[in-house]
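Student: I have the sequence and the model open. Where should we begin?
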Amino acid sequence: MTGLFTTFAHALIALGTVVIGLFGSIGRLTRFAGTALSRLVRPPYYPAQLFEQMLVIGYFSLPVVGLTALFTGSALAQQIYIGGARFNAAATVPAVTVIGIVRELGPVLGGLMVAGRVASAMAAELGTMRVTEQIDALTTLRTDPFRYLVAPRIVAAVLVMPVLVLVSNALGVMGGWLLATQRLGFNSAQYLNTTANYLKLDDVMSSMVKAAVFGFFIALMGCYHGYHSSGGAAGVGRATTNAVVSAFILILLSNLIITVIVFGS
Amino acid sequence: MTAKIALANVRKRFGAKVVLDGVDLSIAPAESMVIIGGSGTGKSVMIKSILGLIRPESGSITVDGREVTGLRGRALADHQARFGMLFQGGALFDSLPIWRNISFALSGPARERRAAAIDNLARVGLGADVADLRPSELSGGMQKRVALARAIAAKPEILFFDEPTTGLDPIMADVINDLIRTLVTDLGITALTITHDMASARKIADQVAMLYQGKIIWHGPRAEIDTAGNPYVDQFVNGRAEGPIKMQLHSL
């Protein structure tokens, strides 16, 4: 009887530790985000840092995001063609491709690719700066690390992600069009006409809102995990992994929430 | 005379580990204080508490008689602007060239900041030719000197040195010690150094204090460290394995 009680108590303690840890993490993250946002609006600003981050996050992510969209758009068109043919609905390829790309795959895959590229790089850079005391050095050199390091990254990511996703959407649709016209025998003008008819402004707007939200989470996770890393090289490695994994989860979760809110009713 | 920096009964713990256990210390203006003590005795935590990078649980820290624990926002930034610090690893920003590192805290047009950086490089015995290099292109000793130039560039009232000679060969270590001594004397700066290098302590210090298990167990003028009559200080100063300080060779 005592043994059973002890086991039960141990299980409760384990559960409690996990729950407290979870709430502690959420609290720390919320505080970090709050500090970053409050510093973001007050000067001094660092436009050079902002420009550099926009270049790193936006411009240098273009090839990887563009290729992802191009390949996915093509594969999507092929699958819709095969699936649609069973119900004599192969003609739906352009409509379903454009909706699938713009509403979901463009922003989500773009977000995931940028998270893989950028959240990891931010966590590694800030993490190394933390363990080599460069972040402490900033504060002794009259510079607030939140304003100098965190704010430009968050603002840059929120600004450039929508543009990146717009390009990614266009390339995704282009991938579908390429495959449909080259392999599946679609008429080019007709394909583009149908695409234009089914592409709604709301879809594009939701895509850009998603992109901005994803950009926020990517930069927030990269900065948060990097800023709080400890324990030398291994700690920086952990921070990098955690940044990417948590950014992925937040992107997929927030995508679901936005999709349900915008398209669910 | 008011102490430049005074700590009274400062306590700080991380989880169950007590790092500072009631530290009392007073540093006079333009005095060079050296804190000696082994690894993990709380030296870095003490310095970071004075800088406001770490918040102690209790106790008082005053600079020029003004309480600085609990400062926030603008007041904390103003407080931190009074200090220059030489970090153990240099902590140079590796994405920036040397001159931008040194002039980081300065404002004004780039040409003036560059000129100021070159002036400060000369102070630490380096030429203008390194100004456009990156920190990774310099040797450890040169990086330390650049970090020193950066620490003094904004003309701080107080300088902190965290293990200034760690990782340097004995000759370069002595060069750094000489530089620190000269800068402190010439610029009339109040200096606080933490080190476990006794050669460095003997060269830099006006006053020496020993931190052990989160407390200052002895302090006095440099000349008295060999005749302190304190077995802990004696063991540390002479670097003996035998004595009251037991090294923890395995985790508990």
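Tutor: This is a predicted model. Begin with B:Met46, which touches B:Leu7, B:Leu20, B:Val23, B:Leu25, B:Ile35, B:Leu192 and B:Leu211, leaving aside residues up to four places away in sequence.

Student: What makes these count as contacts of B:Met46?
Tutor: Contact means heavy atoms within 4.5 Å. B:Met46 is listed as touching these residues, so each has a heavy atom within 4.5 Å of one in B:Met46.

Student: Why is B:Met46 said to be in a nonpolar core?
Tutor: A core is made of buried nonpolar residues joined through side-chain atoms within 4.5 Å, and buried means under 20% relative accessible area. B:Met46 belongs to the largest core, of 76 residues, so it meets these conditions. B:Met46 is among the residues with the most contacts inside this core, as are B:Leu7, B:Leu25, B:Ile35, B:Phe160 and B:Leu192. Helix H6 (residues 145–182) of chain A gives the largest share, 11 residues.

Student: How do you know that strands S3 and S8 of chain B pair?
Tutor: Pairing requires at least two bridges. Strand S3 (residues 32–36) and strand S8 (residues 190–195) of chain B are joined by 5 bridges, so they pair. They run parallel, and B:Ile35 stands opposite B:Ile194 in S8(B).

Student: What makes S6 and S10 of chain B edge strands?
Tutor: The open sheet has 6 strands in the order S6-S7-S8-S3-S9-S10 (chain B), with mixed pairing. Strand S6 (83–86) and strand S10 (215–221) of chain B each pair on one side only.

Note on methods. Residues are numbered from 1 along each chain as its sequence is written. Chains are lettered from A and ligands numbered from 1 in the order in which they are written. This is a predicted model: local features need pLDDT of at least 70, side-chain atom pairs count only at pLDDT 80 or more; totals for chains, interfaces and linings use all residues. Side-chain values use heavy atoms; hydrogens and water are left out. Buried means under 20% relative accessible area, exposed over 50%, partly exposed in between (1.4 Å probe, protein chains only). Helices (H or I, at least four residues) and strands (E, at least two) are DSSP runs, numbered from the N terminus.
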